[in-house]
Amino acid sequence: MDFFASGLNALRGQKGQHQTGSEIIDRLCERIEHATLLEDRRAAVLALKSCSREHKRDVGTRGVLVLCNMLRRDSMDIDICKAVLETLTVLCQPDTDREGTIEFALEMSNAIMKDASDVAILLDMLEENDFYIRFHVVSLLSTLVLNNAARLQECILTSPIGMSRLIALLDDRREIIRNEGLLLLISLTESNADLQKIVAFENAFERLLAIIDEEGAVSGGIIVQDCLQLVQNLLRYNVSNQNYFRETSCIQRIPSLFEDDTLDSNGRHELPLRDQWSDQKGNNMIMILELIRVLVVPDHSNTAPNQRSMSQCGILQLLIDLSLASNAPQRVKASAFYALAELIRLNKVNQDALSKAVITPAHPPPVPIGDASLSLAAPSRSSTQLSRSSFQSGRGSTVGDRGAQAHRHLEVRERCPAIVEVVAIAVGRYPGCTYSVRAAATCLFQSFVLENPDTQLVLATTLNAPPEDNPNIESHEKPQSPGTLLLSALQGWQDDAETTVADPYNSWFASVLFSHILQNNARAKGIALAITFGDEENGEDPVSLIHAIAAALMVAVKGRADVRVALGYLALLCIWCYDSPKSIKDFLSEGAHLQFLIELISPSSKEDPMVQGLAAFLLGICYEFNWEKDALITRATIQPIILSRIGHDHFAACITRVRESKPFNSVAPFMIVLPSEESDGKLPNLYFDYSFVEFMKRTFERTQKSITLSPENTPTQNGLALPNNAEIESKLTLLQTKLSTQDAELEELRSQLEEAKKLLAQKAHEQEQYENTLAGLREEMRSRQEQHKALEREHEDLLICLAEQDQELTGLKEQLRMLGVDAP
Amino acid sequence: MSSSFNYDYIIKYIIIGDTGVGKSCLLLQFTDKRFQPAHDLTIGVEFGARFVSVAGKQIKLQIWDTAGQESFRSITRSYYRGAAGALLVYDITRRDTFKHLTTWLEDARQHANANTTIMLIGNKSDLESKRAVTYEEGEAFAKANGLFFMETSAKTSANVEEAFVETATNIYEKIQSGIFDIHNEAHGIKIGPMHTGGSSLPIGAANGGGACCQ
């Protein structure tokens, strides 16, 4: 008590006069600096701490360096350290309610970090096991990293074992320290590749995966999400760490992250909850899926070996189940589709695995009405669309049918090929699916057929409806194939426009999927050309598929349907007709089609400029590749019409206009719909598919020019039918990537061979040794045998000798007897 | 990738030494069996891995190749403590790289685990005509400081394999004699699943090497 009284008196001043805050702080700082007794310094720092909130500026300006020095000097005193750490943390935290405090907090942080060795002292203090010391050090570091991450990273790197101390926080049994440490590591590793590598070097992957397991994997709490975030920070853009992750067999541990049979508080398995998706579980799962994607980024040297490892350890199957057969929330499914897309991209084995997969499809999501967990869904989509156009007006009744739909959902669904369900989701079979999920499914489909002409052909053949007398006919669902689903979606809106479903994206997604089946595949185009509709027996004229699509296009344009419908059809026709004279011949065999295109493009047309642009592009293609001998409408017919009725300048301008339009240029390489894009019942801003955009960018210039070339030019004369440079280049790059992946594989196989060889050499060496030993043993045996023989001989000799002696003895005995001596 | 599972031990190595002495090339020659004359400057630290066989045991070497430049020195120091083996490399055609060994060694002694096996490597032995440090000098330095010693050529691959394997052999002997605490991964050694009975083999491990060839 004496001590406190004297301390207080000293603070008050000798005559007890009133002192200002800054004077007191001055005194306290002096005392910290100069007091020789530990107790005095301790009392002073506690006092300083107590006024640090009230007089932050004074304490900071006067005291920050004093406090830093105190950490050096009195690092053995736990109470002092605690107080200093707390005070420094307060100084570095901006007050939310006051202006200018952010700058001050930054100033304080920089002052503390000015000398890297001060940070090193903080890191050294982590050796201390005291809860509060560890906790306050982590809090201070977390505050510093928020204020100036770059400087803190620099400081930590100067301390050789600083990082390893921070990582040791993950092993702290006290959860709060472990969790705070985890957050600190996340902030530290966000951008610094050097730190990322050190963290990985310190066995962070193993530690984090162990924590995730311990915390219940995907069903665990936010700590699991944080761990996954850190794993991702370590891997994203960091090739060295990705190699390390694979080399330490961490990919094989990913499947166990999906397991969610955690124990409840009574130690029972929570299996009944397996299918419940809390928000947290959804977040965790999305993080796991992101982790998978980080490892199979397109065009990366690590992707091919990682894809192989992943399918071998069952991740491919897990993703198929999650995206198609589980009742996961739609945002999770969308993520799963993207992960799956990248897992099979340009990987024939994995593409084939998906094509063979059969699943029991999950119940389609209900048409959303205020489902809180599905924030992506657009509950009010119908109401806003009602006013848009007659084409879209049907949606309200669909929503009204929800009761009936929901009932149907409860029926057990039949097993079907996975890819059928992917197509069904994309083309809008399930009105409850969000556009995000449908875009993701489309992305998967693209990845499925990418660089895979065989799959394109297989899918093209499914355009023919499955036989009606199929054994499946007993089922209440009509047998479906990818092709039949596409066809009904492509035409579907026409039939339904006046009745119910009229989502412009049904035909749009179907057009995109279909164009991926046809793109650059003459045989697939041939199969599609042969498809006809209409029952001849009933006196209907058969209509070919390409005509049916053209007709649908005309109806959409004339009916003022949403512009996406027409854009979808036009893009499909462009890809179909490109480099395919037969398709062009069939398309133009109906005179109305040419007429329609001309009218669309003509300068007086009031049509949407993007639709006009694609129509002009299609017309250009129809001229450019119109090489069929017996075509009804030839190049000689088309050119004068274009040049006179449209004019070359206007024709070229139409194409340029779409090329320069915002929707065309803002298409992302991976088809994606952000939840925000479809909120409030809006339609997403998805007008073009990326591969169409790429295709058009590659070819439009030539198409624009081709219209000016004489119709008499033959393909060989003007070289038009030869693939252009861009195409050759793109093929070349594809081949190069293929080559490089193959190279990598070769290299890997080589190294395996090398290992095997070495093993063989080792074995050979061992064998040699054995043989040597064997030879030695044989030699020994031989010499032993010889010895044996020698001994035997000796034995024999001895026997003979004995016999001789015996004989001699008998002779002697005889002689003795004869001499009359009684011999024995 | 079957090989990922079947190991008895994982051992962590670091490669240190002046810039341009051929650290990255040694690693590339060891892991990929190739030589790249114009190798980019290493930024920070790069990772490589390979299996070796020592006394019939499968040992997986995880190797961190560090940048030799002074500016990266503080980063690379973070790797010393967690490594069980260190290859300290100099260039036999550049005397200064040999002179700097003392500094490197001090650094290693200060930050590394006391049991870390250090192998001194005089690289570029193929450039005999430009030699500036004799074999005997290298050997003497190693002997004076208790290091293993070899001259290698990352270009011709001479002794490269041996340098890594001999280091591994020495570490393996230390493990056998109980010098290393193998249950503390901070020392740069980890026991493999083959050791614990292999019951925890993940799916796919049984497919063997054949699966990679599909």
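Student: How far does helix H6 of chain B reach from its first C-alpha to its last?

Tutor: This is a predicted model, where local features need pLDDT of at least 70, side-chain atom pairs count only at pLDDT 80 or more, and totals for chains, interfaces and linings use all residues. Residues are numbered from 1 along each chain as written, chains are lettered from A and ligands numbered from 1 in written order, and side-chain values use heavy atoms, without hydrogens or water. Helices (H or I, at least four residues) and strands (E, at least two) are DSSP runs, numbered from the N terminus. H6(B) spans residues 160-176, and 24 Å is expected at 1.5 Å a residue (1.5 Å times one less than the residue count); the reach is 25 Å.

Student: Which geometry do the rings of B:Tyr13 and B:Phe164 adopt?

Tutor: Rings of Phe, Tyr and Trp (its six-membered ring) pair with centres within 6.5 Å; planes under 30 degrees apart are stacked, over 60 edge-to-face, the rest tilted. Here the centres are 6.1 Å apart and the planes at 10°, so the pair is stacked.

Student: How many residues apart in sequence are the parts that this pair ties together?

Tutor: B:Tyr13 lies in strand E1 of chain B. B:Phe164 lies in helix H6 of chain B, so the parts tied together are apart by 151 residues.

Student: Are A:Tyr244 and B:Trp64 buried or exposed?

Tutor: Buried means under 20% relative accessible area, exposed over 50%, partly exposed in between (1.4 Å probe, protein chains only). By that cut-off, A:Tyr244 and B:Trp64 are both buried.
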